[in-house]
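Colleague: I'm new to this one and would like a close look at a single part. Could you walk me through the open sheet in chain A, and show me how it sits in the rest of the chain?

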Amino acid sequence: MKIKNIIITFISAIALVLSSASISLAKVVGDKIILGAAVSLTGKYSTNGEHTKNGYNFAVERINSMGGVKVGGKTYKFDIIYYDDESNSGRAAQLAERLIKQDGVQYMLGPYSSGLTKAIAPVTEENKIPMVEANGASRSLFTKGYKYLFAVLSAANQYLEVAIDLAVEKNGGNPVKIAMAFEQDAFSQDVRIGVVEAAKRTGSKIIIDDKLPKELNDMAATLAKVKATKPDVLVVSGHSKGALTAIRQIAEMKVDVKMLAMTHCDASKLAKQHGKNSEYALCAAQWHKSLSYKDEFFGDGMQYDKEFKAQFGYAPPYQAAESSAALLVWKDAFERANSLDKDKVRDALSKTEMQTFYGNIKFSPAGQNIAKPMVLFQVRCEGDKCENKVVAPTKWAAAKLVHPIPKWSER
Amino acid sequence: MKKSNLILYGTILILGLVAPFIFPGFKLQISFLWILIVLAMTWDVQGGQMGYNTFGNILFFGVGMYLCASVQIGMFFPLAEWTEAGGEKTFVHTAPQYFQGIVFGLLLAGIIPAIIAGLIGYGILGLRGHYFAICTLGLGIAAGEIAGGIELIGAGQGMTTPPWPKNIGGTELRSQFFYYICFGLVIFTFLFLQWAYKTRFGLVLNAIRDNEDKAEAMGIYTMRYKIIGWMVSAFFVGIAGGLMGNMVGYIEPVEVAFAGPTFGVFMVLMAILGGKGTLWGPVIGATVFHLFKEGFWTFFLGWQYVALGVLIVVIVVFFPEGIMGWLREKYPEKFGEVVDEADRKAQVELK
Amino acid sequence: MDLLIFQAPILMVQASLDGILLGILFALIAYGMALQWGVMNIINIAQGELVIVGGYIAYFMYKAGVHPGFGIIVSPIIMYFVGWGLYKLVINKVVDRDLFISILATFGISILTQQLMNFIFGSDVVVAQSNFGTTMFFDGMVTLPNAKIFAAIVSIAFAIGLVIYMRKSKLGRAIRATAQNARAAKIMGVNTEKVYAATFGINAALCGVAGSLIAITFTLHPYVGLPYTVRSFMIVIIAGLGNLPGVAISGMGLGVFEEFADYILGTEFRIGSVFMLLVLILVYRRFKLSRKREYLK
């Protein structure tokens with residue numbers, strides 16, 4: 001019965017491998033403060049996962065090259081352990097556990113997308129590991145009483161609320177008819193909640209409420225319904241693919257609405273890819289380079305934009321900017337806490353009140369950034385060159401909102 | 001029981017029982033391994049023993065997961081409010097509520113999928129070969145898409161499972177709790193299948209694999225056995241799903257629950273890697289696969305799917321018999337096969 | 001449940017036309033799958049990925065300043081060799097094996113290709129602009145993008161061209177002979193190895209055509225191949241192997257079904273209902289066949 005011996009050898013080999021895998025508590029190694037992050041390098045969120053990772057890396061390099069983090073008279077440098085969560089929430093939760101339990105990470109950075117953040121948050125919370133996240137906007141993250149979660153971005157339901165208010169205002173304060181199409185994922189559905197609430201508040205009527213499957217790349221049916229029912233506002237959200245599909249088919253089907261509100265216009269490079277077809281699309285964003293916030297590391301938004309472009313070869317979407325901001329928050333918290341103890345740092349985080357190039361950051365008791373407004377911009381074209389121009393809030397408006405959108409027959 | 005068997009099982013049992021104390025950081029990791037072993041072993045009931053290559057067992061995994069979580073919540077609180085608006089409201093389970101919930105949840109997570117398997121079995125198990133494979137593939141994907149449209153269970157936003165009750169010990173206790181349930185499940189599944197394969201049931205399954213028409217002609221009512229086989233798989237996979245949902249803490253319809261492209265395929269791969277149609281094959285396959293995946297994945301940051309793709313191609317093209325099959329070919333004596341040396345020599349000479 | 005489509009019947013026209021145009025495109029992909037399934041007994045899970053690779057070829061032509069419409073010529077040529085290479089590398093080792101092995105092996109190829117595409121082409125969602133404009137009927141109520149019409153015409157042209165090629169050419173005859181009986185064909189002097197490679201190449205070329213059409217009608221992303229694979233499966237299964245006109249009809253049928261399911265059941269159940277349909281069709285077939293079997297008894 002040698003086969004049994006083989007199995008026994010096999011099992012003991014595994015035990016050996018496991019035990020030799022040293023469980024180092026890697027929160028601080030030498031002069032490095034180790035942060036852990038699971039980001040989507042593969043799968044459907046890989047575009048935005050890449051933006052997130054670049055944003056993190058850009059900030060880490062900048063902070064390290066500008067003197068690092070000073071804690072207790074000693075200078076530390078940031079370092080990030082990355083795992084690829086494969087755009088899969090199950091995997092993300094597993095990796096968070098792994099970062100904390102096996103790699104001994106004591107400080108976490110968030111993944112990309114609300115869904116994955118929702119998957120990771122219970123893990124960090126139970127292990128009492130502070131996490132500063134920059135890409136999980138779901139409102140439900142902030143109603144669960146999480147104490148170790150801090151988000152530098154505004155909640156998802158705020159994305160397009162403003163757009164509805166704007167439409168009502170342009171309609172002379174009268175309610176509007178709204179058509180919406182949202183992808184079946186945590187983020188887009190949260191944006192939907194915001195729109196539904198705004199509609200309720202303004203007495204507006206929702207006449208189409210479609211949920212797009214994640215795999216869908218054809219919205220013709222939804223748009224045909226829009227054509228038939230003629231709403232005032234069409235709201236679409238579905239990450240980059242949703243934005244690109246919507247514009248393509250709206251242009252092809254010549255769908256006329258007074259207002260077209262979307263998300264992920266800059267991440268999908270809408271203005272560049274669709275050119276004139278994307279004109280007048282109104283987009284919600286967490287950040288725009290023309291905002292007048294400043295900090296000592298990146299200067300202002302314009303400078304960030306320029307330097308990011310020089311390093312990574314593309315203009316930073318807000319996903320990259322907010323990710324960079326997360327690192328600034330960490331640095332600030334470590335220095336104020338003047339300690340590496342995770343609970344002290346957590347307390348320092350909760351008292352954060354600072355300005356970064358990305359915006360002001362101040363956390364509510366639930367960990368939500370309440371000091372920063374959402375930005376709305378509209379795609380505007382001059383000749384063949386299209387650009388995103390901020391239209392709201394008025395403080396930074398670079399252009400006036402065009403409303404209603406000219407009909408396709410008149411363009 | 002033979003002495004060597006006793007040593008083997010004893011070693012495994014002791015190792016399994018003390019593992020959480022020796023490797024405290026790996027508790028959840030090893031719990032996932034137990035779940036994967038259950039998935040691989042139950043897949044093997046169809047894929048290996050019965051010769052029905054199913055992609056549909058993930059259906060029961062997802063159903064079990066949703067059911068368990070829904071029961072845990074629904075027993076004490078209104079489920080619709082729990083999942084409303086992306087799960088904004090949280091109700092806190094007290095410790096007794098939590099444990100009651102999980103016991104009933106897991107039981108139902110086993111029983112209901114088994115019933116579902118019984119109900120749809122007659123229609124689907126009548127299909128043969130690739131039609132069966134594709135039909136079950138469709139079943140899994142359809143279930144995921146449909147679950148993503150049902151508001152009660154959170155639709156596309158997913159639902160969170162009840163958090164571990166406060167005041168009874170922290171995360172360490174939680175992971176130990178789930179570790180031992182998972183370990184218990186894997187032991188129970190293993191012993192049950194070991195027993196089942198020795199009975200007439202196992203023989204009939206093999207008869208179906210080898211030649212279903214002949215088995216039928218022999219007067220065996222094959223459909224009944226096929227359905228029972230599927231129900232057995234569904235039962236264990238459902239419980240595994242319920243546990244998985246609780247360990248991950250967040251259920252997403254197509255990524256966690258009806259995760260066809262990940263767990264759905266992994267269970268097939270693990271069984272084939274280890275050697276399908278054997279009792280130990282899926283266990284070894286799952287262990288090797290999990291070790292490879294968790295151990296080496298991180299070194300391939302971003303390239304891991306390339307590595308997985310290559311691995312799959314290499315496994316199915318070059319080792320379709322799996323590790324056990326390879327061992328069997330190499331050391332047939334150790335598998336209790338009688339090898340007639342003279343006969344083998346004669347064969348070699350003939351070549 | 002949404003009854004809008006019954007209140008505004010004009011939507012039915014729109015839905016049917018959209019569905020038919022979509023279905024024709026699916027049918028082209030399914031055609032390639034039917035071919036290799038019939039000839040080589042291979043189910044290719046990487047079909048969708050081949051489509052997307054083909055799409056990226058058209059996209060890069062567009063990037064280089066060439067009209068992406070020409071992708072339908074360049075893409076199949078490149079893809080033929082990609083398919084041929086893939087056959088020589090992996091597929092030839094699984095041809096004679098269990099069908100399930102080919103499913104798994106091509107699944108491996110599929111995730112490998114996805115990831116390589118992610119590295120080579122980038123993870124951005126991209127589109128190629130054809131600027132073909134739109135055709136409108138009924139005072140603009142029914143719109144058909146010319147790009148989709150173009151896609152349908154090209155698909156039909158390629159399908160018909162291939163049918164003629166299979167009938168008339170020597171290679172076509174060899175492929176058909178191999179499909180009927182590989183062993184007999186071998187005995188008759190057909191180099192089946194070559195035939196298989198060619199078949200897989202032709203399949204990849206068809207995917208290339210379909211991909212370049214998708215680049216101008218939908219969006220491209222390294223990870224969107226799977227829906228094309230499963231739909232082509234369904235079409236082939238509904239039509240039955242070796243039934244090429246059936247592929248066209250079931251393709252269009254599927255397209256129309258999808259659009260109507262979208263209107264009536266709601267967009268969120270669109271893909272789910274397609275798969276439920278697949279399951280139901282298979283189960284229906286099984287009962288029909290088993291009745292036939294009892295009957296024979």
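**The open sheet of chain A**

Modeller: Let's start with the chain around it: chain A has 12 helices and 18 strands. Its radius of gyration is 23 Å, close to the 22 Å that the globule rule gives for 411 residues, so chain A is as compact as a globular protein of that length. Keep in mind that we're looking at a predicted model. Along the principal axes, the C-alpha trace of chain A spans about 75 × 60 × 40 Å, and 62% of the 411 residues in chain A are buried. If you take the contacts in chain A between residues at least 6 apart in sequence, 69% of them join residues at least 24 apart.

Now to the sheet itself. In chain A, 7 strands make up an open sheet, and reading across you meet them in the order E9-E8-E10-E11-E12-E17-E18, with mixed pairing. At the edges you'll find strand E9 (205-212) and strand E18 (385-392) of chain A; each has a single partner strand, so one side of each is left without a neighbour in the sheet. As you step from one strand to the next, the twist averages 25°.

What holds neighbouring strands together? Strands of a sheet pair through backbone hydrogen bonds, either parallel or antiparallel. For an antiparallel case here, look at strand E12 (residues 282-285) and strand E17 (residues 375-382) of chain A, which are joined by 4 bridges. You can pick out one residue pair there: A:Leu282 has A:Gln378, in E17(A), as its bridge partner.

Next, find helix H5 (residues 161-170) of chain A. This helix lies across several strands of the sheet: strand E8 (177-183), strand E10 (233-237), strand E11 (259-263), E12, E17 and E18 of chain A. Relative to E11(A), helix H5 runs at about 170°.

Finally, go back to the edge strand E9, and look beyond chain A. There, 34 residues of chain A are in contact with 34 residues of chain C. E9 is one of the elements giving two or more residues to the side of chain A that touches chain C, along with helix H2 (46-65), helix H7 (220-229), helix H8 (239-253) and helix H9 (270-274) of chain A. By type, the residues on that side of chain A are 9 nonpolar, 12 polar and 13 charged. So E9 turns up twice on our tour: at an edge of the sheet, and on the side of chain A that touches chain C.

Conventions:
Residues numbered from 1 in each chain as written. Chains lettered and ligands numbered in written order. Predicted model: local features only at pLDDT ≥ 70, side-chain atom pairs only at ≥ 80, totals over all residues. Pairing = 2+ DSSP bridges. Axes fitted to C-alpha atoms, helices over the stretch in contact; angles between N-to-C directions. Contact = placed C-beta atoms within 7 Å. Rg over C-alpha atoms; globule rule 2.2 N^0.38 Å. Buried ≥ 20, exposed ≤ 12 C-beta atoms within 10 Å, placed from the backbone. Nonpolar A, V, L, I, M, F, W, Y, C, P; charged D, E, K, R; others polar.
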